[in-house]
Amino acid sequence: MLIAGVVATIVVFTLPLYWLFSSALKPHQDIYTWPLQWIPGELTLANFTQAWNSAPFDRFFVNSIITTGVGTFLEITLAILCAYAFVFVEFRFKKIAFALIIASMMLPGHVTLIVNYITIANLGWLNSYAGIILPGIASAFAMFLLYQYMRTIDKDILQAAEIDGAGHLRRMLTIVVPLSSPMILTATLIVMVGKWNEYVWPLIVTSTADMRTLPIGLLFLRSQEGYSNWGVIMAGAVFVSLPMLILFFLAQKRIIGGLAAGAMK
């Protein structure tokens, strides 16, 4: 029974991916055959070429890399600083501040869309990397992951470093961050995937093709190709999804190991 459940789960998750990649490699006419042709009779890369030429995917890739890379770095940096403060620094109203941050996880992200848009518009950051990146750099989720992990670190080590004259910044960089590296890596990968796939906010704050990211580029491609040329649209979807799939397969052991270590501790 357990094996059957595992197999069913694998099928549910992998079947759409298989259909995505197989359709991207099929000639146009083979996508619409009935019964469905699960194994392509002929492989072609024409869909990828047409998709790349139909939309400025090179620019979309650059924008996604910049917004994902910079946004992830800033978000994880803030999460580390915040988690360290809540675990190792005593200050007034710490419990209240922590409760407010955790409570923000219960709110849907779209609640702040209007406020953030008005703020970015007043600052003149529409159609800019700053407008895409900065409103999303505060992550209660990443902070909470690191907070839970840092709580397991023996405070005696930090007290010994304090006696030797190390300040908070030195203790964080030389002791806490290295010891927390498995969970930091896990949080980084989770945040990176979220930012790479982010759709609503970049769509709202950008209006020109040269500032669009890959998920919005896929919508642009669909508007160019309509609802009939699905092979090209599937090829565009491969452009969007393949980098994160490669990243996951390269780092899956570290992701699972970091989450397991945090749960066990």
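Visitor: Which helix gives the largest share of the lining of the largest cavity?

Guide: Helix 4 does, with 4 residues. Keep in mind that this is a predicted model.

Visitor: Where else does that lining come from?

Guide: Helix 4 (57–88), helix 7 (129–133) and helix 11 each supply at least two of the residues. The lining of the largest cavity includes S64, T67, T68 and G71. Also on the list are I132, I133, K195, W196, E198, P202 and T213.

Visitor: How much space is in there?

Guide: The largest cavity holds about 100 Å³.

Visitor: And how does its lining divide by class?

Guide: There are 4 nonpolar, 5 polar and 2 charged residues around the largest cavity.

Visitor: How many cavities of 30 Å³ or more turn up in the whole structure?

Guide: The search finds 1. In general, rolling a probe the size of a water molecule over the atoms is what shows where empty space is left.

Visitor: Let's step back. How many helices and strands does the protein chain have?

Guide: The chain has 14 helices and 0 strands. Its C-alpha trace spans about 75 × 55 × 30 Å along the principal axes.

Visitor: On to pockets. What volume does the largest one have?

Guide: The largest pocket has a volume of about 840 Å³. It is lined by 25 residues, and the closest to its centre are G109, T112, P135, G136 and A138.

Visitor: Which elements give two or more residues to that lining?

Guide: Those are helix 6 (113–123), helix 8 (140–150), helix 11 (181–196) and helix 12 (200–205). Helix 11 gives the most, with 4 residues.

Visitor: What classes of residue line the largest pocket?

Guide: The lining has 14 nonpolar, 8 polar and 3 charged residues.

Visitor: What about the second largest pocket, what is its volume?

Guide: That pocket has a volume of about 200 Å³. Its lining has 10 residues, and V193, N197, M244, L245 and F248 lie nearest the centre.

Visitor: Which helix supplies the largest share there?

Guide: Helix 14 does, with 7 residues. Helix 11 and helix 14 (230–264) each supply at least two.

Visitor: How many charged residues are in that lining?

Guide: The second largest pocket has no charged residues in its lining, which is made up of 8 nonpolar and 2 polar ones.

Visitor: New topic: helix 9. What caps its N-terminal end?

Guide: D154 does, just ahead of residues 155–163. A side-chain oxygen of D154 lies 3.0 Å from the backbone nitrogen of D156.

Visitor: And what comes just after helix 9?

Guide: G165 follows, with a positive phi of about 100 degrees.

Visitor: How do helix 9 and helix 10 cross?

Guide: The axes of helix 9 and helix 10 (residues 168–179) come within 11 Å and cross at roughly 145 degrees. The crossing is right-handed.

Visitor: Which residues meet?

Guide: From helix 9 they are I157, L158, A161 and E162, and from helix 10 they are R171, I175 and V176. By class, this contact has 5 nonpolar, no polar and 2 charged residues.

Visitor: Why would residues three or four places apart point the same way?

Guide: An α-helix has 3.6 residues a turn, so residues at that spacing end up pointing the same way.

Note on methods: Residues numbered from 1 in each chain as written. Predicted model: local features only at pLDDT ≥ 70, side-chain atom pairs only at ≥ 80, totals over all residues. Heavy atoms only, no water. 1 Å grid on protein atoms, 1.4 Å probe; cavity = no way out; pocket = protein on both sides within 12 Å on 5 of 7 lines; lining within 4 Å. Points joined across faces, edges and corners; volume = space filled by probe spheres on them. Nonpolar A, V, L, I, M, F, W, Y, C, P; charged D, E, K, R; others polar. Polar contact = N/O pair within 3.5 Å; in protein donor to acceptor, adjacent residues only side chain to side chain. Axes fitted to C-alpha atoms, helices over the stretch in contact; angles between N-to-C directions. Left-handed = near helix turned anticlockwise from the far one by under 90°. Contact = heavy atoms within 4.5 Å.
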